[in-house]
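Colleague: I am new to this structure and would like a close look at a single part of it. Please pick one part, walk me through it slowly, and then show me how it sits among its surroundings.

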Amino acid sequence: MIAAPASEPLRRFLQVARGAGLKVSAAEGIDAARALDIVGFEDRTVLKDTLGLVLAKTPDEKALYDEAFDLYFKRDEFSTDRAEPEEDAEDSEQDPFSSPSNGSGGDGMGGQGGQSLGSLLANDDRAALATAMEQAAREAGIENIRFFTQKNLYARRILDRMGLRALERDMEAMRQTGTPEGLGRAQFLDGRIEALRDSIRDFVERNLLLFAKGDTEKFREELLKSARLSNIERRDLDRMRVLVRQMAKKLAARYAKTRRRRLRGQLDTRRTLRRNMGWGGIPFITVWKQKRIEKPRVMVLCDVSGSVAAMSQFLLMFMYAINEALSDIRSFAFAGSLIEVSEILEKEPVEEAITKIMSLIGFGSSNYGNSFADFEDGWMRHVTNKTTVIILGDARGNRTDPRTDVIGRLSQRSKRIIWLNPEYKSAWGTGDSDMYRYAPFCNLVSVCNTLRHLERAITDILEDAT
Amino acid sequence: MLCGSRAEPWPSNSLTFLPSDAIRLLNSSLEQDVNDALPLGIEPLRSIDAVEQGLSEAGYIANRQISTAIYMAHHLQKPILVEGPAGVGKTELAKSVASWLKLPLIRMQCYEGLDESKALYEWKYGKQLLYTQILKDKINSVIGDADDLATALDKLHSFGDVFFSHQFLEPRPLLRSLQEPGGSVLLIDEIDKSDQEFEAFLLEILSDYQVTIPEIGTVHALVPPIVLLTSNSTRDLGDALKRRCLHLHIGFPDDKLEAKIISSRVPGIDGRLLKQLVSFAQQLRALDLKKVPSVSETIDWAKIMLLLHVSVLDVDMVRDTLNVLLKFEADIESAGKQLACLTHKARQDAGVA
């Protein structure tokens, strides 16, 4: 039964921690409860260190955790100019009229509820007020707050539950008496209620931060993932960058693993002897030579011309991320002509790499035929039957010769060609788009204009490549 | 008192916040855990302060977080995953815990290609072979009166797997730490250097303090060891591993803590010199360097300064000994330009004119 009283605040804190973006599994929740059982709530720094050990498992998570902890365990200090002795809180809780459970007796029933709030305000009993507010907030379901537009709603609910209506009626009655004493008292209480309102608004705001931060973030991220890449605004770039990196990392972790396959027929003599030493070298167990399956060989050709300028930022970003993740990848950028950018992507940090590539070759009008010819001259000999070629572009060559013959030869040499086009299918083949001329040589042509598309396309590529 | 509270079965109503099936599963495993006799006989681990003091007696100056981690690791029976930059005392922590608690330290250095025959156990092939040779003559007395092959085999079977028993088992670090009668400190160093497969293999020992040997069965820990895993974050560890561990991040210490650490490791050092050294090292860490000096390097530097009878840092002296702190040519070069400024600041911080 020791942990029972601890469970409620802990449960709420775990919810907060999850909301803040920590990955807290059920097992870790139990660990937290066990840890809490050992250290208790007495010492705040110890509590913080302890829960931090159990819940936050990376430096990033530690930072999130610290923030969430401080926010959550920050108790409600009513703005006061003198320090409130602890005993006050205890005394007032024994007082039946100011005990929080009575204070929250209901909305507008008068009687004890209003009297309690009134007396609390009149006595300026801050500790008891804070307790009553906590209680009322819990009853109002503050942990369900999600949007900033709900702030006033929740503030009102908390005030109601603290018995504001009854108090207002009482005050009305005081005013009705018309005596200077009654009026003065009503005025005095008015001021106090105003102060209380402010504190409650602060309180609700803090809770909004606490409970809804994670959700809001998640909501935005979901939105970004399915927004057209060309429509993404400047201020979301940072978030986007993080998403792209996460995605590339996830994909790479899943597929870059080298897998081993037995190559039957070749005995590894040395290891067989070693393995069978125990039986005097008689080979009971045979060890076969293993060959590591090669990681996918990928060549990415990315259009950075003016027509796809809005997209190319992200395509390059993705190329950068995947370049970090997979080891055997060569990247090229083209507009009027084509250059290899593998080295830039490898050596420079992402920002500079993108700017550098764009300044080297970006923004011009695209000439697909010319670029493919460049590729054939310089790098066609590196293409083998294991190579997957990915082309990112809108296939709009400004009515220049599309040089489908080069793509034809490329498709014969390579394992396959995948074309990811940011335009909607309905626009393919219109105007100067040569998409349908290239399509016969590609193993896969698909629309790709959101992060989600990109992820799906790359997943398919990697899955088949291994 | 702590021991008493732990012995009680876990109050299930405190766990109502979890999905019910998860509770049931975990609860049963927990109860099992608690029912297994938990030897909490290690008296020095009674409070966090005691840990802090004990570690400092062993020569390790721990901050509050570190001692909390050790305390929790013992009481929750969980391994600690220690992360942080190189040279902040991750390995040293394990050594100090062992020397303080007077437990044997069993260290396993991870590297790529480490497998269970090196980490867990191996059969003593030579001994097995030798014994079969010696026992060759005895075989007749065992199966001598058998009429046919089937009866002979039956007779042999009745002897069981004599050659695959504990006598022929060569315990490697993991198994050894489970078999220590008085408990032990198991240090799994640089877990990030090992393969992912090995990381998965560790899960059993980390969560249940047991290992499974196919020929023998499951070996439980006599006394659950205190397990520390260290990582330099060269690769991200799996979630499964992290979930089973407490996570402790040790960063570079602040100037006060670093001064305490150095004075405990280099006893004869003059207070004012110490202040200068620490201030200088802290300033170096703020520079944009390839590899900033670690605490162990600062300690080495302090020892050298003591040997050279230096009491006040001067630029030439610092320049000559800078290669103790900085290990890259480029770093030495870039710090070298600012040496005068850094030294001056260090002297000022220490109040030396």
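Modeller: Happy to! One term will be needed throughout: two residues are in contact if their C-beta atoms, placed from the backbone, lie within 7 Å. Please also keep in mind that this is a predicted model.

With that term in hand, here is some background on the two chains. In chain A, take the contacts between residues at least 6 apart in sequence: 73% of them join residues at least 24 apart. For chain B, residues 24 or more positions apart account for 77% of the contacts with a separation of 6 or more. Chain A is built with 20 helices and eight strands, and 37% of its 466 residues are buried. Chain B has 18 helices and nine strands, and of its 353 residues, 34% count as buried.

The part I would pick is helix α11 of chain B, which covers residues 196-208. What should you look for there, and on which residue is it centred? The helix has a kink of about 30°, with Leu202(B) at its centre. Leu202(B) is also one of the buried residues of α11(B), together with Phe198(B), Ile205(B) and Leu206(B). Which elements do these buried residues pack against? Their partners in chain B are two helices, α10 (173-179) and α12 (239-244), and two strands, β6 (210-213) and β8 (226-231).

Right beside Phe198(B) in the sequence is Glu199(B), also in helix α11 of chain B. Glu199(B) counts as partly exposed because it has 19 C-beta neighbours inside 10 Å, and a residue needs 20 or more to be buried. Setting aside neighbours within four places in sequence, Glu199(B) is in contact with Ile191(B), Ser194(B), Leu237(B), Gly238(B) and Leu241(B). Gly238(B) is worth finding on your screen: it is 39 residues from Glu199(B) along the chain, with 7.9 Å between the two C-alpha atoms.

At the other end, just after α11(B), comes Tyr209(B), with a positive phi of about 50°. Most residues other than glycine have a negative phi. Two further residues can be set beside Tyr209(B). His309(B), which is not a glycine, has a positive phi of about 55°. His309(B) sits in the loop between α15 (295-307) and α16 (315-325) of chain B, and it counts as exposed because 8 C-beta neighbours lie inside 10 Å. In the other chain, Asn398(A) has a positive phi near 55°. Its place is the loop between β6 (387-392) and α18 (404-413) of chain A, and with 13 other C-beta atoms within 10 Å Asn398(A) is partly exposed.

Now let us step back from the helix to the nonpolar cores. The largest one has 133 residues, and those with the most contacts inside it are Ala17(A), Ile158(A), Leu246(B) and Leu277(B). Leaving out neighbours within four places in sequence, Leu277(B) is in contact with Ile262(B), Thr298(B), Trp301(B), Ala302(B) and Met305(B). A second, separate core has 57 residues, including Met299(A), Leu315(A), Ala321(A) and Leu420(A).

Ile158(A), from the largest core, belongs to helix α9 (residues 151-161) of chain A, where it is buried along with Tyr154(A), Ala155(A), Arg157(A), Leu159(A) and Arg161(A). After α9(A) comes Gly163(A), with a positive phi near 95°.

Finally, here is a place where a helix of one chain meets a helix of the other. Helix α3 (residues 44-55) of chain A and helix α4 (residues 64-76) of chain B have axes that come within 9 Å and cross at roughly 60°. The crossing is right-handed. On the α3(A) side the contact is made by Thr45(A), Val46(A), Asp49(A), Thr50(A) and Leu53(A), and on the α4(B) side by Arg64(B), Gln65(B), Thr68(B), Ala69(B) and Met72(B). Sorted by class, that contact has four nonpolar, four polar and two charged residues.

To return to where we began, look again at Leu202(B), the centre of the kink in α11 of chain B, and trace outward from the buried residues of α11(B) to α10, β6, β8 and α12.

Conventions: Residues numbered from 1 in each chain as written. Chains lettered and ligands numbered in written order. Predicted model: local features only at pLDDT ≥ 70, side-chain atom pairs only at ≥ 80, totals over all residues. Axes fitted to C-alpha atoms, helices over the stretch in contact; angles between N-to-C directions. Helix = DSSP H or I, 4+ residues; strand = E, 2+ residues; numbered from the N terminus. Left-handed = near helix turned anticlockwise from the far one by under 90°. Nonpolar A, V, L, I, M, F, W, Y, C, P; charged D, E, K, R; others polar. Buried ≥ 20, exposed ≤ 12 C-beta atoms within 10 Å, placed from the backbone. Bend = angle between axes of the 7 residues up to and from the residue. Core = buried A, V, L, I, M, F, W, Y, C linked by C-beta atoms within 7 Å.
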